[in-house]
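This report is an introduction for a reader meeting the structure for the first time. It moves from the strands to the helices and then to the contacts between side chains.

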Amino acid sequence: MKSKFLFVFLLLGILNCEAQYFNANPYDYLQLALRWPNSYCLTHEGGCREIVPQYFTISYLHPMRRGGPDLQNCPSPFNMPNSTMEINKNDLLKYWPDLRTDNFIESKSLWRDQWRKFGSCYSMMPDDYIVYALNSRKRNDLKKILTNAGIVASGNPYPTRRILQAFRKALGVNVDIVCEPDRSGNVYLAEVHQCVDAAGTTSIDCDNKARGCDDDPIFPYMGFQPDKDPK
C-alpha cells in the first residue's frame, strides 16, 4: 500500500512540475533564424563539410522577450529524446544540418545543444519544438524569394534595403537580416530572422533591421558541390 501511495505522490509531483513549466511561458514571440550556409562557411573558423546546402537552413528557433533579458538555458524538466531525432532524421539533416559534418550521429549534439539553449525556454515538449521549427522552415523558400527579386547567390553585393523589401513584399511582414564579416572584412548576408506570435500561429513584424550590415552585404556562392534545392 505504501508503495502505491509513493507512486501516486511521485506522479503528482511530476505532473505539477510539468504544469508549472508549461504555464510559465515567459516569452512574447518566437524568432526563427535561417542561415545561408555559404556565408557561415566563409565567416566561421573550423571549416565546413565538402558539400553544403545551397538553400537556407535553420540556425535556431528562439523564444524572445520584448525589452527584457535574453532567454537562454531555461530550467526545464525535459531533455531532447533520441527518438525525436530518429523520427525526424531526414528533415533534420535537410533543413537543420550541422554544416561541419553530414554524419547523423555526430549531428545529434547540435540539436541537443539547441534544445538546451533555446528550446528549454519554449513552453512545449522537445518533439513539438523540433517539428514546429522544421515545419516553419518548409513554409517559405527564402532563396526563391530573393531569386524572384533578382537577388541571386553569385558573390555580388546587394543593398540591404532591397533585401528587406523583397522579403516584405513576399511574406507580408518585416524580417530582420544579419550580416557577418570574414577575416578580410568582406561582409556577407548571413541570416534571415522571421518572427511569429507566442502561440506560434501568426507571422508578425520583426524590427526590419539589418544587424552588422554597414556595407551592402555579399550573397555568396562558394563553389562547393551544391545540394539540390529541396522539393
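## An enclosed strand and its partner

A residue is called buried if its relative accessible area is under 20%. The model described here is predicted. In strand β2 (residues 57-64), 8 of the 8 residues are buried, so this strand is largely enclosed by the rest of the structure.

Strand β2 pairs with β1 in the antiparallel sense, and 7 bridges connect the two. Within this pairing, Leu30 has Pro63 of β2 as its bridge partner.

## Contacts around His193

His193 belongs to strand β5 (residues 187-197). Its relative accessibility is 1%, so His193 counts as buried.

The side chain of His193 takes part in polar contacts. With the side chain of Glu191, His193 makes a polar contact of 2.8 Å. With the side chain of Tyr60, His193 makes a polar contact at 3.5 Å.

## Helix α5

Which residues of α5 are buried? They are Phe104, Ser107, Lys108, Leu110, Trp111, Gln114 and Trp115. When α5 is viewed down its axis, these buried residues fall within an arc of 160 degrees, so they line one face of the helix.

The 14 residues of α5 should span 20 Å at 1.5 Å a residue, because the expected span is 1.5 Å times one less than the number of residues. The end C-alpha atoms of α5 are 20 Å apart, which agrees. At the N-terminal end of α5, Asn103 acts as a cap: one of its side-chain oxygens lies 3.0 Å from the backbone nitrogen of Ile105.

## Helix α8

Helix α8 (residues 160-171) has 12 residues, which should span 16 Å at 1.5 Å a residue; its end C-alpha atoms are 17 Å apart, in agreement with this.

Thr160, Ile163, Leu164, Ala166 and Phe167 are the buried residues of α8. They cover an arc of only 155 degrees around the axis, which puts them on the same side of α8. Arg161 and Lys169, on the other side of α8, are exposed.

## Aromatic pairs and a cluster

Over the whole structure, a search finds 10 aromatic pairs. In one of them, the ring centres of Tyr27 and Tyr122 are 6.2 Å apart and the planes stand at 25 degrees; planes under 30 degrees apart count as stacked, so this pair is stacked. The pair links distant parts of the chain, 95 residues apart: Tyr27 is in the loop between α1 (2-24) and β1 (29-35), and Tyr122 is in the loop between α5 (104-117) and α6 (126-139). Both Tyr27 and Tyr122 are buried.

Phe104 and Trp111 also form an aromatic pair, with 5.7 Å from centre to centre and 45 degrees between the planes; this pair is tilted. Phe104 is buried, as is Trp111. One aromatic cluster is formed by Tyr27, Trp96, Trp115, Tyr122, Tyr129 and Tyr132. In addition, Arg35 lies over the face of Tyr40, at 4.8 Å from the ring centre.

## A loop residue

Pro77 is located in the loop between β2 and α3 (82-87). Where does Pro77 stand between buried and exposed? At 41% relative accessibility, Pro77 counts as partly exposed.

Pro77 and Met125 are 48 residues apart in sequence, while their C-alpha atoms are 9.9 Å apart in space.

Methods
Residues are numbered from 1 along each chain as its sequence is written. This is a predicted model: local features need pLDDT of at least 70, side-chain atom pairs count only at pLDDT 80 or more; totals for chains, interfaces and linings use all residues. Side-chain values use heavy atoms; hydrogens and water are left out. Rings of Phe, Tyr and Trp (its six-membered ring) pair if their centres lie within 6.5 Å; planes under 30 degrees apart count as stacked, over 60 as edge-to-face and the rest as tilted. Helices (H or I, at least four residues) and strands (E, at least two) are DSSP runs, numbered from the N terminus. Buried means under 20% relative accessible area, exposed over 50%, partly exposed in between (1.4 Å probe, protein chains only). A charge sits over a ring if NZ of Lys or CZ of Arg is within 6 Å of the ring centre and within 35 degrees of the ring normal. Two strands pair if DSSP finds at least two bridges between them. The arc is that of the directions from the helix axis to the C-beta atoms. A polar contact is a pair of N or O atoms within 3.5 Å; within protein, one must be able to donate a hydrogen and the other to accept it, and residues adjacent in sequence count only if both atoms are side-chain atoms.
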